[in-house]
Amino acid sequence: MVSEATIESILQEKRLFDPPAEFSQQAHIKSQAEYEQLFERAKADPEKFWAELAEQELDWFQPWDTVLDWQPPFAQWFVNGKINISYNCLDRHLTTWRRNKAALIWEGEPGDSRTLTYAQLHREVCQAANVLKQLGVKKGDVVGIYMPMIPEAAIAMLACARIGAPHTVVFGGFSAEALRDRLVDGKAKLVITADGGWRKDAIVPLKEQVDKAIANEAAPSVENVLVVRRTAQEIAMQSGRDHWWHECLKQASADCPAEPMDSEDMLFILYTSGSTGKPKGVVHTTGGYNLYTHITTKWVFDLRDTDVYWCTADVGWITGHSYIVYGPLSNGATTLMYEGAPRPSNPGCFWDVIEKYGVTVFYTAPTAIRAFIKMGDQLPKARNLSSLRLLGTVGEPINPESWVWYQQVIGGGRCPVVDTWWQTETGGHMITPLPGAVPTKPGSATRPFPGILADVVDLEGNAVEDNQGGYLAVRYPWPGMMRTVFGDPDRFRRTYWEHIPPKDGKYVYFAGDGARKDKEGYFWIMGRVDDVINVAGHRLGTMEIESALVSHPAVAEAAVVGKPDEVKGSDVVAFVTLEGTYTPSDDLIKELKKHVSQEIGAIARPGEIRFSDALPKTRSGKIMRRLLRSLAAGEEVTGDTSTLEDMGVLDKLRQGG
Ligand code: WT7
């Protein structure tokens, strides 16, 4: 959620940062003219543009016969092409000097570390793939992955991809209930997890959550559980069902050729929040996703072989999929994975990691940057960050002041900053600077990636005028786009492609974000326009949190809104009415917060719960969230309240219920 103050500062932003000359000279895309040329070429003939890249950049077992088959809103890319993303991320580098190059550098929270070369990573992926096969996983079977940030998370994903078993990674911070919903929806046959993982000086008991999620046949499709030993505390192992990863791998052959997959075979499902209570299973397929993550990684992070590239996301989110695992490895890069998060025992741990490994490209979220600003400049200034040459941000709008701090204090004024706008649904970066080519404006994600026909439109799909607010939309398919909602193609059609009604057979992708475009064609993203709130870069559906709240016996009705938060971007505020026999109390607030953590995960825990006798509704019974948002933010309630059924409710809410 973008606060009024941020919007004000964004609207007044005039600064322009040119790419540093020495950066541009060596960059993949070296000048604005080159960017414009690429952009125009892609726009004139998108299929030709993507086909040339697919041929140059990837290894195919069999060429495609049609670049794009577009039956709106369903797209197929590189039809009948045969490819395997694990092959492109591993095997093809083994025949080059990269064989013994570091593919994955890992740093654990307690300070342990591990480096895997391409040859070593390939070997473990092959072994893990063979273990999956032995446990009965076949091409097309879905595998759940619920892991800490350890190399085995990436190994598990690549092993699945190798044998054509779509993975569904569930963020380790989600609760057993949320995990179960996803395993059930995806009909996962096997789950890969760990005994635990380190997070903020404590152990997250992942295996215990898996046990809870699948107990009593609650997720009947799950036949086996593979458990990585990470924290070595006592855990229950159910014989016949649970297997130790290290024991299985020890016996497994390292010979496992990559399965030739159809370009449109499903690579993974990743659940994300939308406007309704049920998370959507976003489906990505093989060939188009491989190309799109490959080329965006290459051009946006300007990767070269000497880079040490670090993205701080978790593999449980799309950023981890596209920009820790698939994009960087497909490019033969060195990707760094860190298990920890800044924590009281080491608030400067990120800067330690940069110094220790000589990180050159660093990609993180605005919420982290704002937290660092609060901690003060002395932490980063006490470390040597001179290895950095490029900085990136993702997840939410960045306010210009944070952008400038990032550029100055972390980047020492010499590193370009790429503010990348994209979504789980888009697979990869959509609006972003190419760092050697596009001058940046703090707070703007700048311009579309070549081949992306982004626009700011009204609800009829007409482009709005420069500097007018509107909805962010995309007018043509791209290879990395999601293909459908798992098991619900109709929801895919309705949510993304019919929100703006198609005209003359032309479909427009509706992103769910508000935006404006300035005279130079720069995009300024204003945040979600639907019932999604972005808390510390995590995407949450208000309806999901409301469902979790009303599943508690004390709660009659709940309405959840976002409230601007200096560090997290937004925080969750819940307005709750109670069942007759319950009375408001601090204990009940605590209990309800805990209940939401248990139902969804700690990331969804409301920062604030307010009780009230009634919620403000229209005469047709719709909760007036706009009013609640103003109340939560402590703002004057302005605008039209004439549809409010009971004006008295508003006064009561203002007085605190
Ligand atoms: C939503 C997508 C894609 C990676 C992480 C989030 C917001 C993302 C930016 C940015 C402004 C951004 C949007 C978008 N968002 N990046 N650079 N500037 N807003 O993926 O969980 O699918 O969330 O995150 O609101 O719709 P996600």
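These legends walk through several close-up views of a predicted model. Local features need pLDDT of at least 70 and side-chain atom pairs count only at pLDDT 80 or more, while totals for chains, interfaces and linings use all residues. Residues are numbered from 1 along each chain as its sequence is written, and side-chain values use heavy atoms, with hydrogens and water left out.

**View A. A seven-stranded open sheet.** Here 7 strands line up in the order 5-4-17-16-18-19-20, with mixed pairing. Strands are DSSP runs of E with at least two residues, helices are runs of H or I with at least four, and both are numbered from the N terminus; two strands pair if DSSP finds at least two bridges between them. At the edges sit strand 5 (113-117) and strand 20 (417-420), each pairing on one side only. On average, neighbouring strands are turned by 15 degrees against each other, direction ignored; axes are lines fitted to C-alpha atoms (for helices, over the stretch in contact), and angles run from 0 to 180 degrees between N-to-C directions. Look inside the sheet for strand 16 (residues 308-311) and strand 17 (residues 334-338), which run parallel and are joined by 3 bridges. Trp310 has Leu336 of strand 17 as its bridge partner.

**View B. A three-stranded open sheet and two helices on it.** The strand order is 28-29-30, and the pairing is mixed. Strand 28 (555-565) and strand 30 (608-611) are the edge strands, each pairing on one side only. Neighbouring strands are turned by 25 degrees against each other on average, again ignoring direction. Strand 29 (residues 569-578) pairs with strand 30 in the parallel sense over 4 bridges, and Phe575 has Arg610 of strand 30 as its bridge partner. Helix 19 (residues 586-599) lies across strand 28, strand 29 and strand 30, at about 125 degrees to strand 30. Helix 20 (residues 625-632) also packs on the sheet, touching strand 28, strand 29 and strand 30, and its direction makes about 55 degrees with that of strand 28.

**View C. Helix 11 crossing helix 12.** The axes of helix 11 (residues 287-300) and helix 12 (residues 318-330) come within 8 Å and cross at roughly 85 degrees. The two helices are therefore roughly perpendicular to each other (the label covers 65 to 115 degrees; under 35 is roughly parallel, over 145 roughly antiparallel, and the rest oblique). Contact means heavy atoms within 4.5 Å, and the residues making it include Tyr289 and His294 of helix 11 and Tyr323 and Tyr326 of helix 12. By class, the contact has 4 nonpolar, 9 polar and no charged residues. Ala, Val, Leu, Ile, Met, Phe, Trp, Tyr, Cys and Pro count as nonpolar, Asp, Glu, Lys and Arg as charged, and the others, Gly among them, as polar.

**View D. Phe486 and its distant partners in sequence.** Phe486 sits in the loop between strand 23 (484-485) and helix 17 (489-497). Phe486 and Ile269 are 217 residues apart in sequence, yet their C-alpha atoms are 7.2 Å apart. Leaving aside neighbours within four places in sequence, Phe486 is in contact with residues including Asp185, Met266, Ile269, Tyr271 and Val283.

**View E. Two loops with backbone details.** Pro72 and Pro73 are joined by a cis peptide bond, with omega about 0 degrees. Pro73 is in the loop between strand 1 (66-71) and strand 2 (74-79). Lys200, in the loop between strand 9 (197-199) and strand 10 (202-204), has a positive phi near 50 degrees, in a residue other than glycine.
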